[in-house]
Amino acid sequence: MARKQVLLNAFNMNCVGHINHGLWAHPRDRSSDYHSLDYWTELAQLLERGLFDGLFLADIVGVYDVYEGNVDLTLRESIQLPVNDPLMLVSAMAASTRHLGFGVTANLSYEAPYLFARRLSTLDHLSRGRIGWNIVTGYLDSAARAMGRPGQVEHDRRYDQADEYLDVLYKLWESSWADDAVIGDRERRVYARPERVRPVHHNGEFYQVEGYHLTEPSPQRTPVLFQAGASARGLRFAGQHAECVFIMGQDRNSVRKQVSAIRQAAQAAGRDPEAIKVFMGITVVVGATEQHAKEKHAEYLRYASPEAGLAHYAASTGIDLSRYGPDEPIRAQKTNAIESAAKALTHGGDWTVRRILEQNALGGRYPALVGSPSAVAEQMLDWVDDTGLDGFNLTRTVTPESYEDFIRWVMPELQNRGRYKTAYAQGSLRHKLFGAGSRLPVQHPGAAHRFV
């Protein structure tokens, strides 16, 4: 049986410090230009030349204020603050490219589904079907307070709301306009056929929506659906809705279990277990030789901020890690942040601040592959073949250098092994990823809402 082709997204964020914190201070880093449109259009063009499948843009609403109970370190190290809107970047990047996909993060807890549906449909039109949505429900109390709420809605309850939110969106995207509604008949003066457009009626627990979708059918209608929840409730949500799932892992055994759990969740929802593509976050430092890569890695380490990574992790778990001594085991406590992250940190009692700082040597927690082009390529393929992963979200270190290095050194190695494409397929992002057209597959619950 032919081994699977690797999928690859560049992982980034509309801010200075994303995952590998502190490297904004490196003299070759350009991340502080994030508020320049040229920075993003040039990056998109670079990634397309390198045949990346997509640019995955993270986002948060709120600030990281758990560590030491304030935002002092967050501001000094620009730990995802300031942060700009990721959706605003897509039109310009889409106009600068032809094939690159765009996965944008948007928090449904603070977005009215009726208007959000129009924004995503607009981007799907303008990108000619290259938009994906990373579905998040949020995990920061600071965001809830900023939005006028006393605190976060309870973890599982947020997913209950998300299920209904998706139901509303499917109705708007899939069932309001028929495929043949728009005819643009100038002679008869009929742009859209009234009998082929209908309003959505939704009266649920969280949302009441009555109205027509404001946008005519876009190439994909429903954007490619990304999700990253790893809790039991998050997995159930992913099995029902997600087409691509983003995971984190430090060892192959845990990643293998995560991939298996995601496929089982899809099957439990009545879908093909292979209907979900699973991506893992990684960092790559590569050079012409092993020695060159190690020297570059050592150089990066001098600028990285492990403490900033610790503060980021504190916000992810909802646990103020500044209150622990270096070798004091992190204790379990009830939080309303990322449930899987909090459990991973407190399970077994062997995680300490010192160990977290060591893991965050490069400013972030993702596995770092450091080595020659052939060594990095082999490590990536070993991860895929051993765990069942479909691909990776490649986070940045020094930008755009880290992406340039990967394209120059690693891409040819993957292609020479027959494990990465040498040209883009035509069509939408969904078709490029799955090879089965632009629309949701029949097994997906959103497809049940189609206007027939």
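**Two helices, a pocket and a cavity**

Guide: In this predicted model, helix α8 (residues 252-268) packs against helix α13 (residues 373-387) at an angle of about 50 degrees, with their axes 9 Å apart.

Visitor: Why is α8 called oblique to α13?

Guide: Angles under 35 degrees count as roughly parallel, and 65 to 115 as roughly perpendicular. The angle here is about 50 degrees, and that makes α8 oblique to α13. The crossing of the two helices, α8 and α13, is right-handed.

Visitor: Which residues make the contact?

Guide: From α8 come R252, V255, R256 and V259, and from α13 come Q379, D382, W383, D386 and T387. Sorted by class, the contact of α8 with α13 has four charged, three nonpolar and two polar residues.

Visitor: What makes W383 of α13 nonpolar and D382 charged?

Guide: Trp counts as nonpolar and Asp as charged, so W383 falls in one class and D382 in the other.

Visitor: What lines the second largest pocket?

Guide: Its lining has 15 residues, and Q5, L7, K277, K432 and L433 lie nearest the centre. By class, eight of the lining residues are charged, six nonpolar and one polar. The second largest pocket holds about 340 Å³ of space.

Visitor: Why is a cavity not called a pocket?

Guide: In a cavity a 1.4 Å probe fits but cannot get out, whereas a pocket is an open set, so the two names are kept apart. The count comes to three cavities of 30 Å³ or more. About 50 Å³ of space lies in the largest cavity, and the residues lining the largest cavity include W173, H213, E216 and R221. That lining divides into five polar, four nonpolar and two charged residues.

Methods. Residues are numbered from 1 along each chain as its sequence is written. This is a predicted model: local features need pLDDT of at least 70, side-chain atom pairs count only at pLDDT 80 or more; totals for chains, interfaces and linings use all residues. Side-chain values use heavy atoms; hydrogens and water are left out. Axes are lines fitted to C-alpha atoms, for helices over the stretch in contact, and angles run from 0 to 180 degrees between N-to-C directions. Helices (H or I, at least four residues) and strands (E, at least two) are DSSP runs, numbered from the N terminus. Angles under 35 degrees count as roughly parallel, over 145 as roughly antiparallel, 65 to 115 as roughly perpendicular and the rest as oblique. A crossing is left-handed if the near helix is turned anticlockwise from the far one by less than a right angle, and right-handed if clockwise. Contact means heavy atoms within 4.5 Å. On a 1 Å grid over the protein atoms alone, a cavity is a set of points where a 1.4 Å probe fits but cannot get out, and a pocket is an open set with protein on both sides within 12 Å along at least five of seven lines; lining residues have an atom within 4 Å of a point. Grid points are joined across faces, edges and corners, and a volume is the space filled by probe spheres set on the points.
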